[in-house]
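Thank you all for coming; I would like to take a few minutes to walk through one model, starting with how far it can be trusted and then moving on to how its parts are packed. Please have the structure open while I talk.

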Amino acid sequence: MKKGTLRQILLLTDGCSNQGEDPAATAALAFEQGIAVNVIGILDHDESEESHGLTEVEEIALSGGGVSQLVYSEALSQTVQMVTKQAMNETLQGFVNQELKQILGKDQSLEDIEPEKRGEIVEVVEELGETTDLEVLILLDTSASMHHKLQMVKEALIDLSISLNARTGKNRFAIYSFPGKRKNIQKVLDWTPKLDSISSVFPKITSGGITPTGPALREAIYQFGKKSLLRSFRHGDEPGLEETGY
């Protein structure tokens, strides 16, 4: 992980991928590059958590080292904030655990440390959650069935921006939608410290078409400016964590 920066892809979708590569495998590739993939599955009131392919949501997040949550659109705002912050803390916790293993040995973890010391470490993790820089690429499913949910998505993302801007660490957001008009994904909003301007860009989003989740995730990885990752794709290699500064 690049020191001082946490990278996340936040995938918002209401269904399962129906074209291209396995999105869970692509999410695993993102995680290898130090990018956690978090997924929020948006339910309609007449569907259960097992329907409409939303079981894929958990698989993608599990492979991507992230957090998953199924939610009805009215509760989306609170969920987006919760998932983003939970993923930050879990990523930091994992990083701290790696550091502890180097100090204490492979057989010990945070749970093995005496409660008083453990509490101090948890405080450090919480402090890092407030001070580390954060980059979140929001990957928005705009297939036909998402049309009536886009207004709730817009409000949820504005609330997320307000919530995270209370942190002392720097935030950078970008929004991409899929499917794009000519490509798998389409840029909605370029990297920005605040999401205030999404009110002007959201009316331009059109919904419809297929759900190429795997290819969309792969192209989302590129947007973090990983030149070494781009080179490795062209040469058929899979760079390790060391190459991305983990």
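**Confidence, fold and packing**

What we have here is a predicted model, and across the protein the mean pLDDT is 80, with 79% of the residues at 70 or more. That confidence runs from a mean of 94 in helix α1, residues 23-32, where it is highest, down to a mean of 47 in helix α8, residues 227-235, where it is lowest. Within that part of the chain, residues 227-231 stay under 50 in pLDDT, and the model gives them five contacts beyond four places in sequence. Residues 237-246 are also below 50, although this stretch has 20 contacts in the model beyond its near neighbours in sequence.

Let me turn to the overall architecture. The protein has eight helices and six strands, and if you read along the sequence, they follow the pattern β-α-β-α-β-α-α-β-α-β-β-α-α-α. Of the 246 residues, 48% are buried, and among the contacts that join residues at least 6 apart in sequence, 77% are between residues at least 24 apart.

Now to helix α1, for which I will go through two packing partners in turn.

The partner I take up to begin with is helix α2, residues 55-63, whose axis lies 7 Å from that of α1, at an angle of about 25°. How should we class that arrangement? Because an angle under 35 degrees counts as roughly parallel, α1 is roughly parallel to α2, and the crossing of the two is right-handed. On the α1 side the residues that meet α2 are Pro-23, Ala-24, Ala-27, Ala-28 and Phe-31, while α2 brings Glu-56, Glu-59, Ile-60 and Ser-63. Sorted by class, this contact consists of six nonpolar residues, one polar residue and two charged residues.

The other partner is helix α7, residues 213-222, where the axes come within 8 Å and cross at roughly 15°. By the reasoning already used, that angle makes α1 roughly parallel to α7, but here the crossing is left-handed. The residues in contact are Pro-23, Thr-26, Ala-27, Leu-29 and Ala-30 from α1, together with Thr-213, Gly-214, Leu-217, Arg-218 and Ile-221 from α7. In this case the division is six nonpolar, three polar and one charged.

I would like to finish with two individual residues, each in a helix.

Val-125 belongs to helix α4, which spans residues 115-131. Is Val-125 buried or exposed? Its relative accessibility is 4%, so Val-125 counts as buried, given that the cut-off for buried is under 20%. Setting aside residues up to four places away in sequence, Val-125 touches Asn-89, Leu-92, Gln-93 and Val-96. To take one of these, Val-96 is 29 residues from Val-125 in sequence, and their C-alpha atoms are 7.7 Å apart in space.

Ser-161, for its part, sits in helix α5, residues 150-164, and with a relative accessible area of 1% it is buried as well. Which residues does Ser-161 contact, once its neighbours within four places in sequence are left aside? They are Phe-173, Lys-194, Leu-195 and Asp-196.

To return to the caution I began with, the helix with the lowest confidence is α8, at a mean of 47, whereas α1, around which I built the packing part of this talk, has the highest, at 94.

Key:
Residues numbered from 1 in each chain as written. Predicted model: local features only at pLDDT ≥ 70, side-chain atom pairs only at ≥ 80, totals over all residues. Heavy atoms only, no water. pLDDT = per-residue confidence, 0-100. Helix = DSSP H or I, 4+ residues; strand = E, 2+ residues; numbered from the N terminus. Contact = heavy atoms within 4.5 Å. Axes fitted to C-alpha atoms, helices over the stretch in contact; angles between N-to-C directions. Parallel < 35°, antiparallel > 145°, perpendicular 65-115°, else oblique. Left-handed = near helix turned anticlockwise from the far one by under 90°. Nonpolar A, V, L, I, M, F, W, Y, C, P; charged D, E, K, R; others polar. Buried < 20%, exposed > 50% of the residue type's maximum accessible area, 1.4 Å probe, protein only.
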